[in-house]
Amino acid sequence: MSTSLYKHIYRMETLYAAWRKVRSSAFTSSSEKIRNEAKDFEARIPGALREIQRALSRKEFVFAPQTGVAKTKANGKSRPIVLAPIPNRVVQRALLDALHLKVKYIQKVFAVPTSYGGIPNKRVSLAIQAAKESMQAGAKYHIRSDIPDFFTKINKPRVLELIAEHVRCADTVRLFEHALQTDLGNIDALRRQRIEDLFPIGAQGVAQGSPLSPLVANIYLHEFDLKMNSKGITCLRYIDDFLLLGQDSHSVDSAFKAARKELNALSLDAYCPSSAPDKASRGPATKGVDFLGCTITPGLVQPSRKTRSKFRERVRSDLEVSIRMMKAGAEQGITNSLGTYSGALQNLDRVILGWGKAFSFCHTSAQWAHAIDKDISAALKEFEAATARLLSASDQAAQRRIRGVRLLAEVNPHQDDEPLASAV
């Protein structure tokens, strides 16, 4: 018999709240596929949520196969991301919200004051502010590091044991277990690329991209958080990134040694500043600490030089990709939103808006902001010139496709992804 906790998960109010959160992230996704899936799901509301509710109430809900995507990081390595269908994410989000509301252990995990990632009402800016306040209170030394391959090394059975220990509802525990399983619908394609081992398809590891992955991370490192904040040391953690702050180098070095010991007990480790200077740092806090994309000093916070450089590269890369797609679309007679002049500009504007909002808490500086805007304008000028050359070499139909204005003769009568304008 289901308990009130399980029943709370499939209450329509819970599912609607979960959908609103999933919708918000999906509609602002850089993936057109995800945005379109969200639009399709929204068009079927409330029926789509009733289908989920009915399946959950009958204990018949099945998480659909997901898609594994290997995203290339700056160091050339691949980061495994798992993209789940909208119904999966709605249920995962509803499960997360119910656990947070009803289970004291989860509330305790989320209440750790020095943990920030994936916790309601906490965000990067608060972690940055905490680091700044620690420096102002006397912290003069730091070590910053992160945990290699964190999500793929989480001991999932251990997390399930902790959940079962504190959640007295077999149906909820079972749903949680199924929600953590990674069933990839494109596993054959990943095997052909020889990258299937990147993904957590076995007992170890959880999928990045799931609404539940930050919760699992915080559960797994809960004891780490409690032990590391002692003896005059502040340990701020945002998922797998952590920052140690203390009054002198000896105490911070000792804390880092203790941190690695705690992590080793969980089959994890941390990058060393001496051997991985691109992943970790060590030194006086007064010279500035790079943490979560920002450079922090006792009196100033701004996007780090590396963060600003990566953003500039992202802008140029996106525009270059759009030019290549525009050229291919013109030659092949096909259109993709990113492969059009208008689509490229809309995507760029969305990227700028997202980046600007993400770092809106930083101290405003006309110097660095204007410098980035100057580079964006230069990249746009090159994009405009490349587009002009492409238009001049194309026929009228191809010019329409390049600009993103569809041809009436090519309108698909079955395409209903956009609202129809009035014919009157």
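The following exchange concerns salt bridges in a predicted model.

Colleague: Why is the contact between D171 and K59 called a salt bridge?

Modeller: The side chains of D171 and K59 stand 3.1 Å apart, N to O. A salt bridge requires a Lys or Arg side-chain nitrogen within 4 Å of an Asp or Glu carboxyl oxygen, so the pair qualifies. It is one of 16 salt bridges in the structure.

Colleague: What makes D171 count as buried or exposed?

Modeller: The relative accessibility of D171 is 9%. Buried means under 20%, so D171 is buried.

Colleague: How do you know how K59 should be classed?

Modeller: K59 has 44% relative accessibility. Because this value falls between the limits of 20% and 50%, K59 counts as partly exposed.

Colleague: Why are D97 and R93 placed in separate accessibility classes, and what are those classes?

Modeller: The relative accessible area of D97 is 17%, which is under 20%, so D97 is buried. R93 has 21%, which lies between 20% and 50%, and R93 is therefore partly exposed. Both residues lie in helix 5 (residues 86–102), 4 residues apart, about one turn of the helix. Their side chains meet in a salt bridge of 3.1 Å, N to O.

Colleague: What makes the contact between E262 and K227 a salt bridge, and which parts does the pair tie together?

Modeller: The N to O distance is 3.5 Å, and the limit is 4 Å, so the contact is a salt bridge. E262 lies in helix 14 (residues 249–264) and K227 in helix 13 (residues 222–228), so the pair ties together parts that are 35 residues apart in sequence.

Conventions
Residues are numbered from 1 along each chain as its sequence is written. This is a predicted model: local features need pLDDT of at least 70, side-chain atom pairs count only at pLDDT 80 or more; totals for chains, interfaces and linings use all residues. Side-chain values use heavy atoms; hydrogens and water are left out. Buried means under 20% relative accessible area, exposed over 50%, partly exposed in between (1.4 Å probe, protein chains only). Helices (H or I, at least four residues) and strands (E, at least two) are DSSP runs, numbered from the N terminus.
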